[in-house]
Amino acid sequence: MKASLSNEPVVPSGVQCEQCGFTQSDFKKHGRFGCPQCYQTFSGVIEPMLSSMHKGTAHTGKVPLRALNRKSLNEKLSKLEGELDDAIKSERYEDAARFRDEILQVKQAFEPKPAGGV
Ligand SMILES: [Zn+2]
């Protein structure tokens with residue numbers, strides 16, 4: 001039996017982002033990720049590459065929201081939605097507004113805007 005060309009994702013360099021299909025060679029070519037999930041997918045692979053690419057650029061250790069994986073984002077989102085609900089019920093509208101903003105940020109991290117242009 002031959003492997004199907006269309007259904008099974010081809011993984012040329014061993015790792016492929018299941019979210020956007022980026023591979024390690026795509027990352028090397030473009031020098032950037034295709035989506036937030038990529039960071040999770042390639043973190044083990046690209047860390048040595050990153051340290052050689054960004055010599056002198058120290059890692060702060062703070063993980064940006066976009067770099068969180070979907071599970072963490074989902075957990076954060078449902079937690080925030082619970083907090084928002086509580087805040088509205090107890091008429092803490094300033095808190096509610098803050099939670100709503102955070103929820104928006106998390107949702108934007110789910111769906112990154114294209115950088116624009118070609
Ligand atoms: Zn990706």
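Entry 1, terms and model. I take two residues to be in contact if their C-beta atoms, placed from the backbone, lie within 7 Å. The model I am reading is predicted.

Entry 2, the α3/α4 contact. With that cut-off I listed the residues through which the two helices meet: on the α3 side I found L73, K76, L77, L80, E81, E83, L84, A87 and I88, and on the α4 side D95, A96, F99, R100, E102, I103, V106, A109 and F110. Sorted by class, this contact of α3 with α4 holds 12 nonpolar and 6 charged residues, and no polar ones.

Entry 3, geometry of the pair. I looked up the ranges of the helices, which are residues 70–89 for α3 and residues 93–110 for α4, and noted that they pack at an angle of about 160° with their axes 9 Å apart. Angles over 145 degrees count as roughly antiparallel, and α3 and α4 are therefore roughly antiparallel to each other. I also recorded the handedness, since α3 passes α4 in a left-handed crossing.

Entry 4, A87. I then went to A87, which lies in helix α3, and asked which residues it is in contact with once its neighbours within four places in sequence are left aside. I found R92, D95, A96 and F99. A87 counts as partly exposed because 18 C-beta neighbours lie inside 10 Å. I also noted a separation of 8.9 Å between the C-alpha atoms of A87 and A97, which are 10 residues apart along the chain.

Entry 5, E91. Between α3 and α4 there is a loop, and E91 lies in it. I checked the backbone here and found a positive phi of about 60° for E91, although this residue is not a glycine. Most residues other than glycine have a negative phi. Is E91 buried or exposed? It counts as exposed, because I find 8 C-beta neighbours inside 10 Å.

Entry 6, K107. In helix α4 I looked up K107, which is exposed, because 12 other C-beta atoms lie within 10 Å and a residue with 12 or fewer falls in that class. The C-alpha atoms of K107 and L73 are separated by 8.3 Å, while the two residues stand 34 residues apart along the chain.

Entry 7, the nonpolar core. I asked which residues make up the largest nonpolar core, and the list came to 6 residues, namely C17, F22, F27, F33, C38 and F42. For F42, leaving aside its neighbours within four places in sequence, I found contacts with V15, Q24 and F27, and F27 is itself one of the core residues.

Entry 8, the whole chain. I closed with the chain as a whole, which has 4 helices and 0 strands, so that I wrote its elements from the N terminus on as α-α-α-α. Of its 118 residues, 14% count as buried. Among the contacts in the chain with a separation of 6 or more, 36% are between residues 24 or more positions apart.

Notes:
Residues are numbered from 1 along each chain as its sequence is written. This is a predicted model: local features need pLDDT of at least 70, side-chain atom pairs count only at pLDDT 80 or more; totals for chains, interfaces and linings use all residues. A nonpolar core is a set of buried Ala, Val, Leu, Ile, Met, Phe, Trp, Tyr and Cys residues joined through C-beta atoms within 7 Å. A residue is buried if 20 or more other C-beta atoms lie within 10 Å of its own, exposed if 12 or fewer, and partly exposed in between; C-beta atoms are placed from the backbone. Axes are lines fitted to C-alpha atoms, for helices over the stretch in contact, and angles run from 0 to 180 degrees between N-to-C directions. Angles under 35 degrees count as roughly parallel, over 145 as roughly antiparallel, 65 to 115 as roughly perpendicular and the rest as oblique. A crossing is left-handed if the near helix is turned anticlockwise from the far one by less than a right angle, and right-handed if clockwise. Ala, Val, Leu, Ile, Met, Phe, Trp, Tyr, Cys and Pro count as nonpolar, Asp, Glu, Lys and Arg as charged, and the others, Gly among them, as polar.
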